[in-house]
Amino acid sequence: MTRDRWQRGLAFEPLAFLTALVMACSASVAAQEAAEVPPSAVKALAPGQKIAGYDALRFEQPYIIQRLTERAYFLAVETNNLTFYVGDEGVLVFDPLSGRRAAIALQAIATVTDLPVTALMYSHSHLDHIGEASVFVAAAKKNGVNLRIIASQATLAEIERHGKPVPRPTEIVATPEGEFTFEELTVKVFTNGTRHSVDASTAYLLGEGVVHAPDFFVPGHLPFENFDFSLDIKGFEDDLALLKRLDWQFFNDGHGNIGSRQDALFQQEYIDQLRAATLAGLQALPFADFIDPTRHPDLYSLDWVAKLAEAAKKEMDPKFTRLEEFDYLFKNHVMFMIVNISYHQSGMVVPQAE
Ligand SMILES: [Zn+2]
């Protein structure tokens with residue numbers, strides 16, 4: 001077959017076809033094998049790769065370190081993760097963690113570099129991510145380092161509103177969008193204020209292709225209840241749209257395995273299907289049919305949501321329904337979607353009984 005004919009697919013030659021098929025299959029097997037790799041503090045991950053056996057390994061080992069790029073690393077200590085970046089003079093850490101994990105994190109970082117931690121960023125004010133910042137302050141003091149602590153204006157406000165027992169930031173990044181530099185690295189920080197908490201941020205390490213955005217979504221899984229306590233679905237979707245705009249390959253949500261752009265797409269597909277299935281359910285099962293003046297309104301409203309979720313589940317792709325958490329979370333997500341549609345899109349979702 002001439003090159004021209006091959007390109008245009010005008011001829012069918014069984015041997016050439018078989019060879020191409022075998023090559024395509026072995027390439028796909030290789031790609032599958034490479035999708036998960038044992039953790040390595042030395043070998044950087046390829047985009048899309050995850051840590052093999054992560055869910056068990058993070059409880060079996062004191063910590064897991066995975067090199068992401070030349071200078072950026074993912075570090076898991078049991079249930080929580082941080083990101084760190086090794087500069088020429090010091091280390092920048094995104095989230096000090098909590099619950100006796102900070103000391104372990106410091107030990108883990110010391111296995112990769114002799115440089116001291118010179119800067120800390122708070123992703124948001126929730127104490128499971130920043131509760132042990134004082135451990136980093138003490139370590140810096142011991143090393144003769146004046147530790148920079150960077151946080152958004154919104155995180156400072158939350159720390160002060162609750163009187164949180166953590167060191168105050170020494171540098172403030174503007175909201176909803178700001179940035180800071182660490183040696184040669186620029187970090188952009190986005191704090192939309194409507195996803196997860198009023199101060200949940202997305203930190204983007206420019207040029208590294210790394211995003212640190214705790215409590216957004218665990219890669220490969222459904223979002224937690226109420227989309228991990230987002231103010232509304234739009235808040236969650238706005239941050240997904242932000243991820244789409246940024247040029248990154250590695251995502252750290254602070255709890256799960258390393259995420260990819262495909263994982264962000266998975267979240268948007270889930271929301272699109274959830275929205276379509278909920279809208280179809282609203283058509284088929286009008287709220288008015290469930291109103292029962294002899295019962296408390298919360299009870300017949302919840303019955304309605306349960307029935308609607310049953311119907312909506314049938315519209316969802318098996319890649320979502322087969323997840324072990326699906327049945328635990330789906331009714332909550334349908335309710336959240338109904339609330340979002342009725343609050344923000346249509347005043348006719350909850351009409352009066354006929
Ligand atoms: Zn949080």
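Me: What makes strand E7 (residues 117-121) and strand E8 (residues 148-152) a pair?

Reply: Three bridges link E7 with E8, in the parallel sense. Two strands pair if DSSP finds at least two bridges between them, so with three bridges E7 and E8 qualify. Leu-120 is found opposite Ile-149 in E8. Before we go on, please keep in mind that this is a predicted model, in which local features need pLDDT of at least 70 and side-chain atom pairs count only at pLDDT 80 or more, while totals for chains, interfaces and linings use all residues. Residues are numbered from 1 along each chain as its sequence is written.

Me: And what do labels such as E7 stand for?

Reply: They are DSSP runs numbered from the N terminus: helices are H or I runs of at least four residues, and strands are E runs of at least two. The protein chain has 13 helices and 14 strands.

Me: How do you know that helix H4 (residues 102-110) packs on the sheet?

Reply: H4 touches E3, E4, E5, E6 and E7. Touching, or contact, requires two residues to have their C-beta atoms, placed from the backbone, within 7 Å. The direction of H4 makes about 140° with that of E4; such angles run from 0 to 180 degrees between N-to-C directions, and axes are lines fitted to C-alpha atoms, for helices over the stretch in contact. Helix H6 (residues 133-142) packs on the sheet too, touching E6, E7 and E8, and its direction is at about 160° to that of E7.

Me: Why are H4 and H6 called oblique to each other?

Reply: Their axes cross at roughly 45° and come within 8 Å. Angles under 35 degrees count as roughly parallel, over 145 as roughly antiparallel, 65 to 115 as roughly perpendicular and the rest as oblique. H4 and H6 are therefore oblique. Where they meet, Ala-102, Ala-103 and Leu-106 of H4 face Val-135, Phe-136 and Ala-139 of H6.

Me: What makes H11 roughly perpendicular to H13?

Reply: The axes of helix H11 (residues 297-313) and helix H13 (residues 326-344) cross at roughly 105° and come within 9 Å. That crossing makes H11 roughly perpendicular to H13. Among the residues in the contact are Val-305, Leu-308 and Lys-313 of H11, along with Phe-330, Lys-331 and Ile-338 of H13. By class, the contact of H11 with H13 has nine nonpolar, no polar and two charged residues. Here Ala, Val, Leu, Ile, Met, Phe, Trp, Tyr, Cys and Pro count as nonpolar, Asp, Glu, Lys and Arg as charged, and the others, Gly among them, as polar.

Me: Why do strands E3 and E9 count as standing at the edges?

Reply: Seven strands form an open sheet with mixed pairing, in the order E3-E4-E5-E6-E7-E8-E9. Strand E3 (64-67) and strand E9 (171-173) each have a single partner strand, so one side of each has no neighbour in the sheet. From one strand to the next, the twist averages 20°.

Me: How do you know that E4 and E5 are paired?

Reply: Strand E4 (residues 72-77) and E5 are joined by six bridges and run antiparallel. In this pairing, Phe-74 is opposite Thr-83 in E5. The hairpin of E4 and E5 has two residues between the strands, and Glu-78 there takes a positive phi near 55°. On to the other pairing: E5 also pairs with strand E6 (residues 91-94), again antiparallel, over four bridges. Thr-83 has Phe-94 as its bridge partner in E6.

Me: What makes strand E5 (residues 80-86) mostly covered?

Reply: Six of the seven residues in E5 are buried. A residue is buried if 20 or more other C-beta atoms lie within 10 Å of its own, exposed if 12 or fewer, and partly exposed in between, with C-beta atoms placed from the backbone.

Me: So what is Gly-209: buried, exposed or partly exposed?

Reply: Gly-209 has 17 other C-beta atoms within 10 Å, so it is partly exposed. Gly-209 sits in the loop between strand E12 (202-205) and strand E13 (210-212).

Me: What makes a set of residues a nonpolar core?

Reply: Such a core consists of buried Ala, Val, Leu, Ile, Met, Phe, Trp, Tyr and Cys residues joined through C-beta atoms within 7 Å. The largest one has 58 residues, and those with the most contacts inside it include Leu-75, Phe-84 and Leu-120. E4 gives the largest share of this core, six residues.
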